[in-house]
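Visitor: I'd like to learn how to read a structure like this one. Could you walk me through it?

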Amino acid sequence: AEFPEDMYNVALTASSDETIIALDGTIKSPVKATRVVLTLTIINKADPNDTASKEITVSVPAAADEDIMYLSELGWESATHGQFDAPSKTVQKDRPYNSGNNGDNTLITLLVNGSDKSFEKGVGTCGSSQIVYDISDRGYTHFSTYVGVDRSMKNADINAGTSVVDNIKILLDGKVMWETASPINPTMEAAFVEFDIPEDAK
């Protein structure tokens, strides 16, 4: 149906994800393409009590690559891993920790929605690791990532603990923005994490 502008107002009254499509109509491109359900309310100008609502689903494309900075491209201030008996090994960019240190050209692979998903970008490390980035004055507004144990470890003995990570935390200026609720292993689904970054974040 058509609603003449001189007779009706159309308002956006609900969004299933206001971080992507806000109620004022502002659209923020997500890192991955997604769908957002919107509720539109049509209001009769002559009688504000005469309204009708309709839900629509819109597809929002992912942000262009030039709008995204990957951690493996940003470069860290410091990066340590917990394999203290192997000082020659390093935290890996765009490779799993073990296979990257062994010289294998394999991608980071996590369990996502029940299937193995490989990532061209990412950081690979092991337990007791700490990686620090400086994002001062870079203008970043949003952070998102998948967190999990690489599937290359799926055949390791979980009971022996060699493929289990007890805890992972993501901090922003000393504040814990996200952490695992319990130990994770390569047979478990990767977690998708995202949050907004304040203007003065460091």
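Visitor: Let's talk surface. How much area does the chain expose, and what share do carbon and sulfur atoms supply?

Guide: Keep in mind that this is a predicted model. The chain exposes about 13100 Å², and 47% of that comes from carbon and sulfur atoms.

Visitor: And what percentage of the residues count as buried?

Guide: Out of 202 residues, 28% count as buried.

Visitor: What about secondary structure: how many helices and strands are there?

Guide: The chain has two helices and 13 strands. On overall shape, compare the radius of gyration with what the globule rule gives: here it's 22 Å, well over the 17 Å for 202 residues, so the chain is more spread out than a compact globule. Along the principal axes, the C-alpha atoms fill a box of roughly 80 × 40 × 30 Å.

Visitor: How do I read the contacts along the sequence?

Guide: Take contacts between residues at least 6 apart in sequence, then ask what share joins residues at least 24 apart; in this chain that's 57%.

Visitor: And the charges: how far apart are the mean positions of the positive and negative ones?

Guide: There are 16 positive and 31 negative charges, and their mean positions are 6 Å apart.

Visitor: Let's zoom in. Where is tyrosine 97, and is tyrosine 97 buried or exposed?

Guide: Tyrosine 97 sits in helix H2, which covers residues 97–101. The cut-off for buried is under 20% relative accessible area; tyrosine 97 has 5%, so it counts as buried.

Visitor: Which residues does tyrosine 97 contact, leaving aside neighbours within four places in sequence?

Guide: His81, Gln83, Lys89, Thr90, Gln92, Gly124, Thr125 and Cys126. With histidine 81 there's also a side-chain polar contact, at 3.2 Å. For a sense of distance, valine 147 is 50 residues from tyrosine 97 along the chain, and their C-alpha atoms are separated by 14 Å.

Visitor: Now a loop residue. Which strands lie on either side of the loop holding asparagine 185?

Guide: Strand S12 (175–179) and strand S13 (191–196). A loop position doesn't settle burial, so check the accessibility: asparagine 185 is at 12% and counts as buried.

Visitor: What does asparagine 185 touch, not counting residues up to four places away in sequence?

Guide: Asparagine 185 touches Val149, Ile158, Ser163 and Val164. Within its own loop neighbourhood, look at threonine 187: the side chains of asparagine 185 and threonine 187 are joined by a polar contact of 2.4 Å.

Notes:
Residues are numbered from 1 along each chain as its sequence is written. This is a predicted model: local features need pLDDT of at least 70, side-chain atom pairs count only at pLDDT 80 or more; totals for chains, interfaces and linings use all residues. Side-chain values use heavy atoms; hydrogens and water are left out. Helices (H or I, at least four residues) and strands (E, at least two) are DSSP runs, numbered from the N terminus. Buried means under 20% relative accessible area, exposed over 50%, partly exposed in between (1.4 Å probe, protein chains only). Contact means heavy atoms within 4.5 Å. A polar contact is a pair of N or O atoms within 3.5 Å; within protein, one must be able to donate a hydrogen and the other to accept it, and residues adjacent in sequence count only if both atoms are side-chain atoms. The radius of gyration is taken over C-alpha atoms; the globule rule is 2.2 Å times the number of residues to the power 0.38. Accessible areas come from the Shrake-Rupley method with a 1.4 Å probe; for residues, only the protein chains shown count as cover. Lys and Arg count as positive and Asp and Glu as negative; His and the chain ends are not counted. The place of a charge is taken as NZ of Lys, CZ of Arg, CG of Asp or CD of Glu.
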